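Trainee: I am new to this structure. Please take me through a close look at one part of it, the salt bridges, and show me how they sit in the rest.

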Amino acid sequence: MSRISTLAGAVTCALALVTGSAVAASAAPIDLAPTAEAKVDPVAWKPCNPDPSKPDPGIYDCAVYPVPMDYDNPDGEKVGIAMMRRRASDPAKRIGSLFMNPGGPGGSGYLWATTTRFGAEVQSRFDLVGFDPRGVARSQALKCFKTQEEADALQARLIGVPLTKAEVNQTLDADQDYTDACSKNAGPLIEHMSTINVVRDLDRMRRAVGDSQLTFAGFSYGTLIGSTYAAMYPNKVRAVIVDGNVDPDLRLSDGLEYDRQRAGGFEIALDEFLKRCQTAGAPRCAFGEGDTRAKFDGLRDRLHDGPVTLADGSKVTLSTFTDQVANALYSQSRLAGLAKQLQALYQAVQKPAAAALLAPKAAAADDAKGLAVAVPHALREAPADSEYTGDDSYLAVNCQDKPYPSNDRAFANAARKWEKESPTFGRFQAFDAPACASWPAPAVDAERFAGPWDRKSANTVMVIGNLYDPATQYKFAQRMQQELGNAVLVSVDSIEHCAVGRSKALNELVTRYLVDQKVPAAGQLLKPDLDPFPAV
């Protein structure tokens, strides 16, 4: 139901995937000494095959682990957390479990047990444990609709970049109807979706697999889980990696300002993409001939006037255009394709007839057509027989974590201001969360952890940031390192969201950190393996 953050490939780091609101925050739970740690039931693992269409590799186990829905009532209703593990390939040298979260919020981490982001040595020494957080996918998915038809009808009313008064009103009305549906259908779980509860679940799972301290890798929103864990349970930190970082303090104190700065991160990444494209030039970068910045701005401004109709009849709108550009910036592997799309659209706008004639040879029409398609919503992996295949955990978490104004007109007012400083993504980002204005369980009423973040953890947290991360800009990673009580920052010169698995040099540091607890030297700037515009 949301925009930038729920795109497939944008909601998470892909698997090799008016300000000043009041704040209601809970006190940090006491970090119990190891000798006083409360016991929990162990995980009841059973062998499973992550892909039943293929032969069972015989190295995976699955479980559903019960946790309290409401930690103020630990003996009350339970939520089942779906877990999968890939058993350590060298059991004799096994260190423990490596828990992982891909982001979102709302990203399914269950199949991350199969990830190849971590090298063979990590796979030999750790059980890789993926899980769906509470309310996500297999873990009692929080659902605001009874049928897919209801959800699709509402989704059709939402406009990614509403421009006119009528479009703004339509979108805000749809967001209000969405929250009404959530209030009616989501059930009591909607009151208990904030990150503090995800972290409490994670600590229970840590104890349930028998680990005395946590080893964890969190990506994107998962960095909030990792940083919150380090702040709530500092003595339980063995090795925590946070990659593609949020700014915890800002996110938990001012939702609108956080989103404004998110829009700025997309603008920074876009500007760097255009600069590197122009430096590479055509044909290495298809959009690289001439002034790439001026060409791009011309396309965006043209779409402000109305859709561009392509030769096959498909229409590129400002919303689909912004959707696709944002999505492509998440991965260096998509930048060359984005350049082709932009060049094809540029040709169609400049010389429509000529573009149509060139289409059979240059595939220009097909390239431009990609910008006419809205990015699909993130895969929720619902059971095949589900009447409604989505889940609504993204806003369920964000609206409880991030304090927003209670008047949805604040988002429309913000859009007018933000698009002046972030002309491509400001208005787009401003309409990401108007539903939080009327959310049934908003941040001002929710139990949340909002700091302090500077408690010194038993071991150093490894913070990783790309210089041109669109979704969580680099200064967020810098702030994460500064806000935590014991952290080191490693940087990568890349246009991409998250970096682990994208740089051999980084992966070596990650391996040594996880296996040997060797803390990387501060101030390192690494290169990614991929050149987005390689020499032809």
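Mentor: Start with Asp312. This model is predicted. Asp312 has a relative accessible area of 42%, so the residue is partly exposed. Its place is the loop between strand S8 (308-309) and strand S9 (315-316). Its partner is Lys369, in helix H12 (residues 364-369). The two side chains meet in a salt bridge, 3.5 Å from N to O. Along the chain they stand 57 residues apart, and the pair links distant parts. Lys369 has a relative accessible area of 39%, so this partner is partly exposed too.

Now widen the view. The structure holds 31 salt bridges. Some of them share partners. Asp271, Lys275, Arg293, Asp297, Arg300 and Asp301 are joined that way into one network.

Next, look for a buried pair. Asp61 and Arg85 meet through their side chains in a salt bridge, at 2.8 Å from N to O. Asp61 belongs to strand S2 (residues 60-68), and Arg85 to strand S3 (residues 78-86). They are 24 residues apart, and this pair links distant parts of the chain. Both residues are buried.

A third pair joins two helices. The side chains of Glu121 and Arg512 form a salt bridge of 2.7 Å, N to O. Glu121 sits in helix H1 (residues 120-125) and Arg512 in helix H17 (residues 504-516), so the bridge ties together parts that lie 391 residues apart in sequence. What is the exposure of Glu121? Its relative accessibility is 32%, so Glu121 counts as partly exposed.

Stay with H1 for a moment. The loop between strand S4 (96-101) and H1 holds Thr114. At 27% relative accessibility, Thr114 is partly exposed. Find Arg86 as well. Thr114 and Arg86 are 28 residues apart in sequence, yet their C-alpha atoms are 6.8 Å apart in space.

Not every charge here is in a bridge. Turn to the surface. Lys165, Arg409, Arg416, Lys417 and Lys420 gather there in a patch of positive charge. Which helix gives the largest share? Helix H14 (residues 409-421) does, with four residues. Lys417 lies in this helix. Its relative accessible area is 58%, over the 50% cut-off, so Lys417 is exposed.

For contrast, go to helix H10 (residues 335-350). Its 16 residues reach 22 Å from the first C-alpha to the last. That is close to the 22 Å expected at 1.5 Å a residue. Many of its residues are listed as buried, among them Leu335, Leu338, Leu342 and Leu345. Ala339, Gln341, Gln343, Ala344 and Ala348 are buried in H10 as well. Keep one general point in mind. An α-helix has 3.6 residues a turn, so residues three or four places apart point the same way.

Finally, step back to the whole protein. The secondary structure comes to 17 helices and twelve strands. Of the 536 residues, 59% count as buried. The protein exposes about 20,300 Å², and carbon and sulfur atoms supply 51% of that area.

Notes: Residues numbered from 1 in each chain as written. Predicted model: local features only at pLDDT ≥ 70, side-chain atom pairs only at ≥ 80, totals over all residues. Heavy atoms only, no water. Helix = DSSP H or I, 4+ residues; strand = E, 2+ residues; numbered from the N terminus. Expected span 1.5 Å × (residues − 1). Buried < 20%, exposed > 50% of the residue type's maximum accessible area, 1.4 Å probe, protein only. Patch = residues over 30% accessible without salt bridge, like charges linked within 9 Å, V, L, I, M, F, W, Y side chains within 5 Å. Areas by Shrake-Rupley, 256 points an atom, 1.4 Å probe, with all protein chains shown as cover. Salt bridge = Lys/Arg side-chain N within 4 Å of Asp/Glu carboxyl O. Lys, Arg positive; Asp, Glu negative; His and termini not counted. Charge placed at Lys NZ, Arg CZ, Asp CG, Glu CD.
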